[in-house]
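Please open the model in your viewer, with the backbone drawn as a cartoon and the side chains hidden for now. The stops below say what to select next and what is to be found there.

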Amino acid sequence: MQRKNRWRNIGTCECILQFLAPETIGEHVIPFLVEKSCPVHAEIIDVKLHFDAVYGENSLKNKFETDILKTATALRDTTIDEEGKTILSWKKGFYFKWYFDFDRKLVVDARKYPLDAKNQLQALIANSEYTGKVIIIV
Ligand SMILES: [Zn+2]
């Protein structure tokens, strides 16, 4: 019997899905059960579509946070790990404050960011994969 794993998109919604190994979450996993559904995703009956919706939101959120740190230099610290890899992290005093709105658009609160960073993030969501999916509150 294959091992079962449970996955929840922490912070995004309350859905809990079960899938078979492999261990790591990703597009490759085969979900087989919606253990629990949040009200937003409850109408998606098909398990794979349900997983795709929840995982898609999680991926969008994570990718956008990474792109904020790549784009807005004022918001980040850069360190080099033991292997020589560059690690970007939030500068003290700044953080990623976000939620998904009623239309499941990612809303990012940039009100505490410097003007340069706000402008960079507005440019990032204009004419890109984020257009229509991400909203920046300035
Ligand atoms: Zn959900």
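Two strands count as paired if DSSP finds at least two bridges between them, and the strands (E, at least two residues) and helices (H or I, at least four residues) are themselves DSSP runs, numbered from the N terminus. This is a predicted model, in which local features need pLDDT of at least 70 and side-chain atom pairs count only at pLDDT 80 or more, while totals for chains, interfaces and linings use all residues. Residues are numbered from 1 along each chain as its sequence is written.

**The sheet of strands 6, 7 and 8**

Select Trp98 together with Val108 in strand 7, which is its bridge partner. Strand 6 and strand 7 run antiparallel and are joined by three bridges. Widen the selection to the open sheet that three strands form in the order 6-7-8, with mixed pairing. Strand 6 (98-100) and strand 8 stand at its edges with a single partner strand each, so one side of each has no neighbour in the sheet. From one strand to the next the twist averages 20°.

**The sheet of strands 1, 2 and 3**

Now select Trp7, whose bridge partner in strand 2 is Leu17. Five bridges join strand 1 to strand 2 (residues 16-20), and these two strands run antiparallel. They belong to an open sheet of three strands in the order 1-2-3, with antiparallel pairing, in which strand 1 (4-8) and strand 3 (31-36) are the edge strands, each pairing on one side only.

**Helix 1, across both sheets**

Select helix 1 next, and follow it across strand 6, strand 7 and strand 8, where it runs at about 30° to strand 7. Helix 1 also lies across strand 2 and strand 3, here running at about 70° to strand 3. For these angles, axes are lines fitted to C-alpha atoms, for helices over the stretch in contact, and the angles run from 0 to 180 degrees between N-to-C directions; residues are in contact if their C-beta atoms, placed from the backbone, lie within 7 Å.

**Helix 2 and its two faces**

Which residues of helix 2 (residues 115-125) are buried? They are Ala117, Leu121 and Leu124, where buried stands for 20 or more other C-beta atoms within 10 Å of a residue's own, exposed for 12 or fewer and partly exposed for anything in between, with C-beta atoms placed from the backbone. These three lie on the same side of helix 2, because they cover an arc of only 55° around the axis, the arc being that of the directions from the helix axis to the C-beta atoms. Turn the view to the face pointing away from that buried side, and you will find the exposed residues Leu115, Asp116, Gln122 and Ala123. The buried residues of helix 2 pack against helix 1 (47-71) and strand 8 (134-137). Just after helix 2, pause at Asn127, which takes a positive phi of about 50°.

**The nonpolar cores**

Finally, show side chains for Ile68, Leu75, Ala117 and Leu121, which touch the most other members among the 14 residues of the largest nonpolar core. Such a core is a set of buried Ala, Val, Leu, Ile, Met, Phe, Trp, Tyr and Cys residues joined through C-beta atoms within 7 Å. Helix 1, strand 7 (106-109) and helix 2 are the elements that give two or more residues to this core. Another core, of seven residues, lies apart from it and includes Cys13, Cys15, Val54 and Tyr55.

Key. Contact = placed C-beta atoms within 7 Å.
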